[in-house]
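Here are some short exercises to work through with the model open beside you. Try each task before reading its solution.

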Amino acid sequence: MIRLDCPFCGTRDHAEFAYGGDGSVTYPPLDAPTGAWHDAVFLRDNPKGRVVETWHHLHGCRMWLRVERDTVTHEVFSVRPAHPGLAEALE
Amino acid sequence: MTRFSAWEVFRQGLRGQTGWSRQWRDPEPKARYDVVIVGGGLHGLATAFYLAENHGITNVAVLEKGWIGGGNGGRNTTIVRSNYAQPANRRFYEHSLRLWEDLSHELNYNVMFSQRSHIALQHSPGAMDRAARNYNLMRRTGTPDAEIWGLDRLRAEVPHLNYGPDARFPIVGAAVQTRAGTARHDAVAWGYARGADGRGVDILQNCEVTGVARDGDRITALETTRGRIEAGRVGFAVAGHTSQLWQMAGLGGLPIESHLLQAFVSEPLKPLLDQVVVFGVGGAHFYISQSDKGGMVFGGDLDWYKSFSQRGNLPIVHDVSEAAMSILPCLGRVKLLRHWGGVMDMSMDGSPFICRTPLRNLYLNAGWNYGGFKATPASGWWFADLIANERPDPMVADYTLDRFARGLQIDERGAGADAKLHG
């Protein structure tokens, strides 16, 4: 069981959360060329090791979180609010 | 290599079983091969076999970082079926099923393919209608064994399912493919390895690729833990770690994420379940069959987050056990014997890749999601065809990487561009 330290609720089992996806993807502007959108929507680096992901605290505060995690050991390095403004306000 | 036959079994019986030879060699790597297949799983071994058998290309090496069949080849629930709806998948998986039907003879190795029926339970009149549509489609496109069973027929064939009217999702019927079934996964790896080796292919175990040497848009050699190996053509067949190899070749991102899928086997029981039964409704996803040793072999959903760990989490064990209890309550006192996790190449539309790549002599076989085991014979057959002829046959021409850019996804579930949803 992965345990995530939700900045709003405290440490909870991962079963309380819904996995979002790759948090390293930066979506291009709406008028960007199709190729840029193709890359953002479909292509993934899929690293073996340390990654940034989004998780949703679905059965808790329902906030989206930005989680740094290792995909081999499942060690969690950091959990922050996904919204940068909220992250700054908490720090 | 001794050919298996009834006469040979009899003869070896008289000689105290002392005359059997090794099933495949353990050769030292040569400096150069015409074709190097990276990945000694089921698909890589099948590819090497068909390169030799169908195309006469025998100066071939299969590189395996561990032992053959020790990855996802040994981490699956051994189900074989062809009940797909998208045209590209329809023809591909049906061809695969036809190859399965003759595979033991083809390989001279008993892969214990048992066409015991695949029964997908249905739980509402709407679901029955949808199943009838899909299975009619199968009957019209070359799969004559697609059937819809009502409750009476289902009760007669599988009497011990939970037919209680108070079940959360009462069973109302089933969609059945009678030529579907199971096979012995290790025998598939060993049979293909033996067949390939006997035709001259070198199977190099404990040989991990650590680097890819390029000259412009060609691969010249692979750096491995057993030395440098030059290659005329290279095929990647390393489901689970495709992204890592892809990046070693300097090619960037892929429409693939690696997720973990667990499977389970119980203690051996007397014969209980003659078919493959699949239960999928209301968020549950569960499939079960009984092995020839008696163990109940079953599985469910992905672990829901990216993982390369090859070990599963407990919430999924709980989830799968719940699904088991809801359709087969008689399993309540049965003990779990083993459970394991495999790393899946989850693609962005749930369908695989058998295609050319940006490099001229590199070919890709990847993105098998949950479907890799049943695809083995056709995957090897058409990947070998692609490598030998350097052009895709129409059979696999839709399994390309550029289908996303062209808006031609093969999204069997209609789940969208989210790898974890294509279970």
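The exercises below move from one chain as a whole to a surface patch and then to a helix pair.

This is a predicted model, in which local features need pLDDT of at least 70, side-chain atom pairs count only at pLDDT 80 or more, and totals for chains, interfaces and linings use all residues. Residues are numbered from 1 along each chain as its sequence is written, chains are lettered from A and ligands numbered from 1 in the order in which they are written, and side-chain values use heavy atoms, with hydrogens and water left out.

**Exercise 1.** Work out the order of the elements in chain A.

Start with the inventory: chain A has two helices and six strands. Helices (H or I, at least four residues) and strands (E, at least two) are DSSP runs, numbered from the N terminus. Reading from that end, the order is β-β-β-α-β-β-β-α.

**Exercise 2.** Place A:Phe8 and decide whether A:Phe8 is buried, partly exposed or exposed.

First, find A:Phe8 in the loop between β1 (3-6) and β2 (10-13) of chain A. Next, recall the classes: buried means under 20% relative accessible area, exposed over 50%, partly exposed in between (1.4 Å probe, protein chains only). With a relative accessible area of 34%, A:Phe8 is therefore partly exposed. Across chain A, 37% of the 91 residues count as buried.

**Exercise 3.** Describe how α2 (residues 42-55) and α7 (residues 185-198) of chain B pack.

Take the geometry first: the angle is about 30° and the axes are 8 Å apart. Axes are lines fitted to C-alpha atoms, for helices over the stretch in contact, and angles run from 0 to 180 degrees between N-to-C directions. Angles under 35 degrees count as roughly parallel, over 145 as roughly antiparallel, 65 to 115 as roughly perpendicular and the rest as oblique. So α2(B) and α7(B) are roughly parallel to each other.
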